[in-house]
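Visitor: I'd love a close look at one part of this protein, with a clear account of what surrounds it. Could you start from a single residue and work outwards?

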Amino acid sequence: MYVTIIGSGIIGLLSALVLTDAQYKVIIIARDLPGGQNQDWASLSLWAGAAIFPRPDANRQSLQTESFKYYWALAHRDPTSGVQVVKATEFYNDRDDDSTIWYKHVVPRYRLLPKGELYPGAKLGFTYQSMAVNPLVFLPWIKELEARGVRFIRKEVHSIEVAKHIAKCDIAMHASGLGTSQLADDKDVLPIRGQTMFLETDFDELAMFQGSHYTYVTPRMYSGGAIVGGGSQEGNLDHNVDESLRPDILRRVKRLSMGRLQSLDPSKDSTKDIVAFRPGRKGGYRIEGDGSVVHAYGFGSLWYVYSYGAALKVLELVDTMVNSLGEAKGRL
């Protein structure tokens with residue numbers, strides 16, 4: 001049985017991996033393929049920080065858990081994948097305790113931080129072991145799907161039916177990111193503008209602050225640097241760098257690194273400003289079957305956090321559709 005996947009971001013690629021494991025034949029149709037440099041491609045290797053930070057207030061804890069387990073195993077099994085185990089530290093100033101941190105029972109070496117080790121203004125802090133992903137390495141690594149017989153077609157399509165016709169498939173899996181508003185006629189899809197920086201540094205830990213602001217540092221394996229940010233601007237499609245954000249990002253990141261990035265001087269050290277757009281959705285992501293189409297989109301900045309769990313859900317939905325098609329044909 002063939003399945004067409006529309007979109008070659010991390011959700012589409014991991015879905016192809018899971019589907020081929022289950023003996024499905026897969027054709028991927030996408031405007032952008034791994035290695036491209038389009039700002040509107042969410043999984044763009046140039047800019048994505050790709051930290052496996054579970055989210056305490058996000059839905060579908062089971063999907064996040066499955067993704068964490070997948071990347072953890074991959075980091076230990078194949079270091080050439082661009083996935084590395086690192087120390088992670090999170091700070092919050094919008095909650096007083098860790099009662100909402102459900103993943104404290106999932107992640108290794110979870111430890112609450114005493115007040116003396118908290119980021120200034122934080123009410124809660126904790127550390128554990130997690131993973132950082134370098135998409136510049138990981139996406140080409142996973143593109144070895146071609147060795148499994150997956151066929152890639154670089155083409156922009158304007159309807160799901162056209163994609164199914166091109167691939168001559170009965171079932172389509174739709175994960176087209178920002179193209180979803182047209183392909184699925186979903187008016188709740190919106191771009192979320194992110195501005196980050198690549199810094200040349202040996203900082204080798206994940207760090208994040210959430211609450212009154214959103215700040216993070218994500219090391220990038222094999223690159224000699226880290227992605228730092230950030231910002232989250234819903235509906236903003238400005239592709240230009242906001243120069244006023246640059247010093248603000250640096251100020252926040254220096255505090256978050258607890259002094260380890262204090263000596264950073266952008267005028268001397270190698271830096272790069274990055275602007276790109278995450279595919280978000282009002283009301284949260286969509287992952288469901290609709291006739292002969294499986295929709296999986298709208299994950300915003302959490303597409304890596306959900307990715308493998310979402311792929312397993314896609315497989316479950318495809319299996320259900322295949323069984324329904326078989327029953328329908330049997331009744332004819």
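Visitor: What is the relative accessible area of Glu-288?

Guide: Glad to help! Glu-288 has a relative accessible area of 36%, so it counts as partly exposed, where buried means under 20%, exposed over 50% and partly exposed in between, computed with a 1.4 Å probe on protein chains only. A word on the basis first: this is a predicted model, in which local features need pLDDT of at least 70, side-chain atom pairs count only at pLDDT 80 or more, and totals for chains, interfaces and linings use all residues. Residues are numbered from 1 along each chain as its sequence is written, and side-chain values use heavy atoms, with hydrogens and water left out.

Let's begin with the partners of Glu-288. Its side chain meets that of Arg-286 in a salt bridge, with N and O 2.6 Å apart; the term stands for a side-chain nitrogen of Lys or Arg within 4 Å of a carboxyl oxygen of Asp or Glu. Arg-286 also forms a salt bridge with Asp-290, where the closest N and O atoms are 3.9 Å apart. Arg-286 is buried, at 14% relative accessibility, while Asp-290 is partly exposed at 43%. By the salt-bridge rule, the count for the model comes to 18.

The strand behind these residues is β14, which spans residues 286–290 and pairs with β15 in the antiparallel sense over 5 bridges. Strands here are DSSP runs (E) of at least two residues, and helices are runs (H or I) of at least four, both numbered from the N terminus. Two strands pair if DSSP finds at least two bridges between them. One such contact point is Ile-287, whose bridge partner in β15 is Ala-296. The two strands form a hairpin with 2 residues between them, and Gly-291 in the turn has a positive phi of about 70 degrees.

Next along the chain comes β15 itself, residues 293–297, which is mostly covered: 5 of its 5 residues are buried. Val-293, His-295 and Tyr-297 point one way from the strand and Val-294 and Ala-296 the other, and all of them are buried. On the parallel side, β15 is joined by 3 bridges to β7, residues 171–174. There, Met-173 has Val-294 as its bridge partner in β15.

Stepping back, the hairpin belongs to an open sheet of 6 strands in the order β6-β2-β1-β7-β15-β14, with mixed pairing. Its edge strands are β14 and β6 (151–154), each pairing on one side only. Neighbouring strands of this sheet are turned by 15 degrees against each other on average, direction ignored. Helix α4, residues 160–167, packs on the sheet, where it touches β1, β2, β6, β7 and β15, and its direction makes about 135 degrees with that of β1. For such values, axes are lines fitted to C-alpha atoms (for helices over the stretch in contact), and angles run from 0 to 180 degrees between N-to-C directions. Contact means heavy atoms within 4.5 Å. Elsewhere in the sheet, β1 (residues 2–6) and β2 pair in the parallel sense over 5 bridges, and Ile-6 has Ile-29 as its bridge partner in β2.

Beyond the sheet strands, another salt bridge offers a useful companion to the one at Glu-288. Asp-57 forms a salt bridge with Arg-95, the closest N and O atoms being 2.7 Å apart. This pair links distant parts of the chain, 38 residues apart: Asp-57 sits in the loop between β2 (25–30) and α2 (61–77), and Arg-95 in the loop between β3 (83–92) and β4 (111–112). Asp-57 is exposed, with a relative accessible area of 58%, whereas Arg-95 is buried at 12%.

Strand β3 also holds Thr-89, which is buried at 8% relative accessibility. Leaving aside neighbours within four places in sequence, Thr-89 is in contact with residues including Phe-53, Leu-113, Phe-126 and Met-208.

Finally, a look at a pair of helices. The axes of α1 (residues 10–21) and α3 (residues 135–142) come within 10 Å and cross at roughly 35 degrees. Ile-10, Leu-13, Leu-14 and Leu-17 of α1 make the contact with Phe-138, Leu-139 and Ile-142 of α3.

To return to your starting point, Glu-288 is partly exposed, its salt-bridge partner Arg-286 is buried, and β14 lies at an edge of the sheet.
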